[in-house]
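Please open the model in your viewer and keep the sequence panel visible. The stops below are given in the order in which they may be selected.

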Amino acid sequence: EAKLKLFGVQDDLKLSLNAIQVLRERYLLKDQEGNPVETPRQMMERVARAIAQIDASYGEDPEVSYQEFLKTLMALDFLPNSPTLMNAGCPGGQLAACFVLPIEDSLDAIFEALKNMALIHKSGGGTGFSFSRLRPRGDRVSSTGGRASGPVSFMRIFDTATDVVKQGGKRRGANMGILRFNHPDILEFIQAKKKGGEFENFNFSVAITDQEMEAVRKNEKIPLTNPRDGKVWREVSAAEIFNVICESAWSSGEPGCIFIDEINRKHPLKTLGVIEATNPCGEVPLLPFESCNLGSINLAHMVNNGKIDYAKLGETVRIAVHFLDNVIDANYHPLPETERMAKANRKIGLGVMGFADLLVKIGVPYYSQQALKIAEEIMQYIMLQARKTSLELASRRGTFPNFEKSTWYTQNLPLRNATLTSIAPTGSISIIAGCSSGIEPYFALSFRRYVLENTELIEVNPLLEEYLKGLKLSQKDWERILAQGTLQGIEQIPQKVKDLFRTALEIPPEFQVKVQAAFQKYVDNAVSKTINLPQNASLEEVKKVFFLAHETHCKGITVFRQGSRSRQAIYPGLLS
Ligand code: UDP
């Protein structure tokens, strides 16, 4: 009641206060004075209707899909990525979260990419770039006889433009900037964010090949090469560069690494070209001008009587894949090139959120062998069901146009979509769904989270209270739990419950990599996972994590050591 009064919205969705606040600030359509003109339910109806409508263009009945989509969205069993929730059904609505733009080595091409970035950010999408084709700092510029300023200088322009073009005030523009391990400017790139105050709109990743990882392991030299003419600039120790990467990741969380060979080995559209970049959070490697629309199933809702409800999960996958395939046609693209690519390959990225919640609900600790088994089991099931639906869609609507150029063709799998799965961070949609984000363990059992520029959200784990109800904890114990954000040191609480509610910093980093690898095994695109390290983690620990990620066939790796950034997005506990 208080909730409805506070926000003036009458609704039958089961939303938390935080969810309502986020929806109201960023998702609900507003009038010119900035007042919402729709309720969350009406938002779901708008989205379901716009996406279902696409069925009609294939001679199918949109009414059946509308009911299915609406039911699934209203139950918060599945949510599409933010741009779809914000923009579906609006004139010119851009619905995809992720884009990759190419950057060639000429002023003309660089500023063309910059303009395209601005248009995509304005539409609500995030962008990834490889800057590896740009000639290094100090190289010759033949037309002027001057010297080139190098990739990092140009990245600065992209960063500033991102600041200026806010995504309609709803999201901050997000970028991924990638440089190859053997680019002559690699050391400048790795350390560019260290000073702080710059590149806050960029995630940095180094693209590293298997051969380079091997050179690191064997302590060999590698040639740094000018991409303009293929000439060797100088020979350096691979291990030394790797060391600088890990040191920087230890001290600031960046750069991450992407394992570019693994990405291309697994790419079903190898004949179309080489992948050089991913989207901002790394979960979607894409060819130039490709985009991807994402959606995530709320695993917290796929449990019945303490068991995984596979029937419900399968049905939800079917509805979600149909939904996401429709989104490709419902989308208005900011650029003709991205529209052409999206329709030729029809990539979608269905993933999950609420994995940590699911584990609590079935009584399995996140930090256990069984959790790894369950991760594989769930993701394999989702992958198979998604393929089944994509096959069915293809039999009615046709395969994606580039099908015969894909590895699916050689496997005799006529799919509607070149890729089907991807694990997104679900930073915002997990708040709306009220579940744990992506496949992450609980960061803390109570925490302060900062969204947008200045909104502070205080959150307490909703499943915890239920578990602690019977224990008759003292007020003091409760206060301590809330203050520290973990169950550590509270004697009254049985070890079994403590294991179930273990938080990220109480889970060994190597194990977190194994969780990422378990999901990656059954994901077409990639997996977004932050490997959380305690403040006292060593540099060696970081190196171990990077090596392990490569060995276990992850497509990339990002670490975050507690306290290594002056401003974090989430702080554990409620102590200031
Ligand atoms: N993204 C973006 N700006 C943001 C957050 C996300 O452009 O402020 C893009 C980015 O490509 C990211 C993807 O959306 O990789 C998915 O992020 P997330 O799952 O956190 O988005 P949500 O749908 O929860 O908003």
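Helices and strands are taken here as DSSP runs, of at least four residues for helices and at least two for strands, and are numbered from the N terminus. The model on display is predicted.

**First stop: a loop residue between two helices.** Select K472, which sits in the loop between α19 (462–468) and α20 (475–484). Its phi is positive, about 50°, although K472 is not a glycine. With a relative accessible area of 73%, K472 is exposed.

**Second stop: another positive phi.** Move to N219, in the loop between α10 (210–217) and β8. N219 is likewise a residue other than glycine with a positive phi, near 55°. Because exposed means over 50% relative accessible area, N219 counts as exposed at 55%.

**Third stop: the hairpin.** Continue to strand β8 (residues 221–225) and strand β9 (residues 232–237), which pair in the antiparallel sense over 5 bridges. Which residue of β9 is the bridge partner of P223? Selecting E235 shows that partner. The two strands, β8 and β9, form a hairpin with 6 residues between them. In the turn, G230 has a positive phi of about 75°.

**Fourth stop: a cis peptide bond.** Select E254 and P255, which are joined by a cis peptide bond with omega of about 5°. P255 is placed in the loop between α11 (238–252) and β10 (256–259).

**Fifth stop: a strand with two partners.** Now display strand β3 (residues 126–130) together with strand β2 (residues 98–101); the two pair in the parallel sense over 4 bridges. V100 stands opposite G128 of β3 in this pairing. Adding helix α7 (residues 107–122) completes a right-handed β-α-β unit made of β2, α7 and β3. Next, add strand β6 (residues 175–180), which also pairs with β3 in the parallel sense over 4 bridges. Here G128 stands opposite M176 in β6.

Are the residues of β3 buried or exposed? The strand is mostly covered, with 5 of its 5 residues buried. In a regular strand the side chains alternate between the two faces of the sheet. In β3 both faces are covered: G126, G128 and S130 are buried on one side, and T127 and F129 on the other.

**Sixth stop: the ligand.** Select the ligand and the 21 residues that surround it; the closest are S82, R171, E283, T426 and G427. This shell divides into 9 nonpolar, 9 polar and 3 charged residues. Three distances may be displayed here. A polar side-chain atom of S82 lies 2.4 Å from an oxygen atom of the ligand. For E283, a polar side-chain atom lies 2.9 Å from a ligand oxygen atom. At C281, a polar backbone atom is 3.3 Å from an oxygen atom of the ligand. The ligand taken alone exposes 520 Å², of which the protein buries 90%.

**Seventh stop: a histidine with two polar contacts.** Go to H550 in helix α23 (residues 539–551). H550 is buried, with a relative accessible area of 15%. Its side chain makes a polar contact with the side chain of D210 at 2.8 Å. The side chain of H550 makes a further polar contact with the side chain of R217 at 3.4 Å.

**Last stop: a pair separated in sequence.** Finally, select E339 in helix α14 (residues 336–345). At 30% relative accessibility, E339 counts as partly exposed. Add S291: E339 and S291 are 48 residues apart in sequence and 8.4 Å apart in space, C-alpha to C-alpha.

Methods: Residues numbered from 1 in each chain as written. Predicted model: local features only at pLDDT ≥ 70, side-chain atom pairs only at ≥ 80, totals over all residues. Heavy atoms only, no water. Near = heavy atom within 4 Å. Polar contact = N/O pair within 3.5 Å; in protein donor to acceptor, adjacent residues only side chain to side chain. Areas by Shrake-Rupley, 256 points an atom, 1.4 Å probe, with all protein chains shown as cover. Nonpolar A, V, L, I, M, F, W, Y, C, P; charged D, E, K, R; others polar. Pairing = 2+ DSSP bridges. Buried < 20%, exposed > 50% of the residue type's maximum accessible area, 1.4 Å probe, protein only. Right-handed = clockwise from strand over helix to strand, strands pointing away.
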